Amino acid sequence: MSATSSRLDLPVRRRRHARLIAALTTLVGACAEAAAAVYRPIAAASPATEEVEVNLLPCHQVSLSAALLLDLARGEDEARWPAVVAWERQESRLTYAARCAVAAAQELMEEAGPPGEHGVPLPTVEQAAAMDLVIAGTEVVAQWRADPQAAVALVRDLAGGGELAVDEILDEAVDAAAVTGLLALQEARTAPNPSTAAELCLSAVSHIALAVALASADVV
């Protein structure tokens, strides 16, 4: 496969991101097991028992290892599909250049106005271009939670102008969902009590599962 292949020549996203999806699903199981390590001893204890010893080690382990697990999986996926990675980077350069052009035009229009609210400088062209992709991914995540079909329509609409590509929008959405889950796991490590830690581990699952859905989604 050459770096100039069309999107139709590329593998479906669930194959392109197979190792990442596998790591995310492994993480779902680890989160559930971490919560169970807290809840099982409580369930097994006598009703008269006031204090129950629980195991918080799995919570801490999943919190500390989750980000590395996902980073390693992404690297493995890239190693498996080098030609696809080259194509994606080429597409990313094209859309980034297009976003920069739009941001530069907006900057010219805003030059006559104030520098920014409360004297805060306006973002540079490069910063604005990067922010547009992050905002798009965040919007897709929020919409996907409520209505996946509407989210698919949103992805198509966002990509319609040529400043964003479908796959980079979805990849940014995957990252946004996964990071939200990782933040919940990080909070679990410093939770004030075992029950809260377990609840945070379980709350991370919905975000991680959403990342799986987005990594598997093909929008054409």
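In the predicted model, R99 is in contact (heavy atoms within 4.5 Å) with A129, D132, L133, E163, L164 and E168, residues up to four places away in sequence being left out. R99 belongs to helix 4 (residues 82-110), helices (H or I, at least four residues) and strands (E, at least two) being DSSP runs numbered from the N terminus. With a relative accessibility of 4%, R99 is classed as buried; the term buried denotes under 20% relative accessible area, exposed over 50%, and partly exposed the range in between (1.4 Å probe, protein chains only).

Two of the residues touched by R99, A129 and L133, are buried residues of helix 5. Also buried in helix 5 are V125, A128, A136, G137, V140, V141 and W144. Helix 5 (residues 125-146) comprises 22 residues and spans 32 Å between its first and last C-alpha, close to the 32 Å expected at 1.5 Å a residue; the expected span is 1.5 Å times one less than the number of residues.

At the surface, Y39, I42, V52 and L202 form a nonpolar patch of about 300 Å². Patches consist of residues with over 30% relative accessible area and no salt bridge, like charges being joined within 9 Å and nonpolar side chains (Val, Leu, Ile, Met, Phe, Trp, Tyr) within 5 Å. A salt bridge is a side-chain nitrogen of Lys or Arg within 4 Å of a carboxyl oxygen of Asp or Glu. Of the patch residues, I42 is located in helix 2 (residues 18-44) and is partly exposed, at 42% relative accessible area.

The protein contains eight helices and zero strands, giving the pattern α-α-α-α-α-α-α-α along the sequence. Of its 220 residues, 36% are buried. Where contacts join residues at least 6 apart in sequence, 74% of them link residues at least 24 apart. The accessible surface amounts to about 12100 Å², with 59% belonging to carbon and sulfur atoms; areas were computed by the Shrake-Rupley method with a 1.4 Å probe, and for residues only the protein chains shown count as cover.

The mean pLDDT (the predictor's confidence in each residue, from 0 to 100) is 89, and 88% of the residues score at least 70. Among the elements, the lowest mean pLDDT is that of helix 4 (85), and the highest that of helix 8 (residues 194-216), at 97. Residues 1-5 have pLDDT below 50, and this stretch makes twelve contacts in the model beyond near neighbours in sequence.

Residues are numbered from 1 along each chain as its sequence is written, and side-chain values use heavy atoms, without hydrogens and water. Local features require pLDDT of at least 70 and side-chain atom pairs count only at pLDDT 80 or more, whereas totals for chains, interfaces and linings use all residues.
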